[in-house]
Amino acid sequence: MARGGTERVPLRRGGKATTVEVSIPKAVADGAKLRVAGSKSDPDLILTIRVGKHPVFRRVAPLDLELDLPLTIAEATLGREVAVPTLGGLVDVTIPAGTGSGKRLRLRGRGLSDEKGATGDLYAIVQIVTPPADALEDADRDALERLGALGVTPRSGSLWTSTS
C-alpha cells in the first residue's frame, strides 16, 4: 500500500467471527510486522503484511521505485519528451538524444513517501523497442539501412574484434 490506509481484517476469536480495523502505514514493506492492540480479554495481534506486485512499479529500495520505460528507436536516438507514469499520475520527462537501452532516468521525489515525510525516487529504465519487421514499409527499411551504414556499432573493443 503506497499511500497507507485502513483495512478490515476478518478474524476468528474464541470460535466467533469478527473483524478488526487495522491502520496500514504509508510505504509499508512486504513482510513487515504490525501490532494491533488487544483488549483485556483478547491478546495483541501481530500481523504480517503482504504487499502484492504492481503491474508497473517495482520496489528497489525502502522508498525507491523503478519501472520499464519502452521507447522507440527514434525517441531514444533523437530525444523526445514522453509521459511517464508515477504514483501521482503522468509526468513529462525529456529523453536525452542518444539514450541507450538500460539507461536509468531518475525522477527525484517521485517514489514512495513514508509516515515521516521522507520521499524516494522513481527510476525509469529505458527499454528500446524495435518495430515488427512486417510493419516496416520500404521507406522505413531504407532509412534503417542508411542508419546502419553510418558505421556506428555498439560492438567495439577487443572482445568483438579478436578472432582467437
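**Strands, salt bridges and a surface patch**

Me: Is Arg-8 buried or exposed?
Reply: In this predicted model, the relative accessible area of Arg-8 is 55%. The exposed class begins over 50%, so Arg-8 is classed by that value as exposed.

Me: With which residue does Arg-8 form a salt bridge?
Reply: Arg-8 lies in strand β1 (residues 5-13), and its partner lies in strand β2 (residues 16-24), so the pair ties together parts that are 13 residues apart in sequence. The closest N and O atoms of the two are 3.1 Å apart. The partner is exposed, with a relative accessible area of 53%. The residue that forms this salt bridge with Arg-8 is Glu-21.

Me: How many salt bridges does a search of the whole structure find?
Reply: The pair of Arg-8 and Glu-21 is a salt bridge, and Arg-35 forms another with Asp-44, where the closest N and O atoms are 3.2 Å apart. In that second pair, Arg-35 is exposed at 60% relative accessibility, while Asp-44 is partly exposed at 39%. For the whole structure, the search gives a total of seven.

Me: What is the order of the strands in the open sheet of four strands?
Reply: Strand β5 is joined to β6 by two bridges, and these strands run antiparallel. Seven bridges join β6 (residues 65-71) to β10, and here the strands run parallel. Four bridges then join β9 (residues 104-107) to β10 in antiparallel fashion. The pairing is therefore mixed, and the order is β5-β6-β10-β9.

Me: Which strands stand at the edges of this sheet?
Reply: An edge strand here has a single partner strand, so one of its sides is left without a neighbour in the sheet. In the order β5-β6-β10-β9, the strands at the edges are β5 (58-59) and β9.

Me: Which residue in β10 is the bridge partner of Pro-70?
Reply: Strand β6 covers residues 65-71 and runs parallel to β10. On its other side, β10 meets β9, where Leu-105 stands opposite Ala-124. For Pro-70, the bridge partner in β10 is Gln-127.

Me: How many of the seven residues of strand β10 are buried?
Reply: Strand β10 spans residues 122-128 and is mostly covered. It is joined to β6 by seven bridges and to β9 by four. The number of its residues that are buried is five.

Me: Is Glu-66 buried or exposed?
Reply: Glu-66 is the bridge partner of Arg-58 in β6, and the side chains of these two residues also meet in a salt bridge (3.1 Å, N to O). Arg-58 counts as partly exposed at 32% relative accessibility. Glu-66 has a relative accessibility of 14%. Buried means under 20%, so Glu-66 counts as buried.

Me: Which residues are linked with Arg-58 in a network of salt bridges?
Reply: Arg-58 meets the side chain of Glu-66 in a salt bridge. The network links Arg-58 with Glu-66, Asp-68 and Arg-104.

Me: What is the accessible area of the nonpolar patch formed by Leu-144, Leu-147 and Leu-150?
Reply: One of its members, Leu-150, is found in the loop between α2 (138-148) and α3 (158-161). Leu-150 is exposed, with a relative accessible area of 59%. Leu-144, Leu-147 and Leu-150 form the patch on the surface, and together their accessible area is about 270 Å².

How values were computed:
Residues are numbered from 1 along each chain as its sequence is written. This is a predicted model: local features need pLDDT of at least 70, side-chain atom pairs count only at pLDDT 80 or more; totals for chains, interfaces and linings use all residues. Side-chain values use heavy atoms; hydrogens and water are left out. Buried means under 20% relative accessible area, exposed over 50%, partly exposed in between (1.4 Å probe, protein chains only). A salt bridge is a side-chain nitrogen of Lys or Arg within 4 Å of a carboxyl oxygen of Asp or Glu. Patches are made of residues with over 30% relative accessible area and no salt bridge: like charges are joined within 9 Å, nonpolar side chains (Val, Leu, Ile, Met, Phe, Trp, Tyr) within 5 Å. Accessible areas come from the Shrake-Rupley method with a 1.4 Å probe; for residues, only the protein chains shown count as cover.
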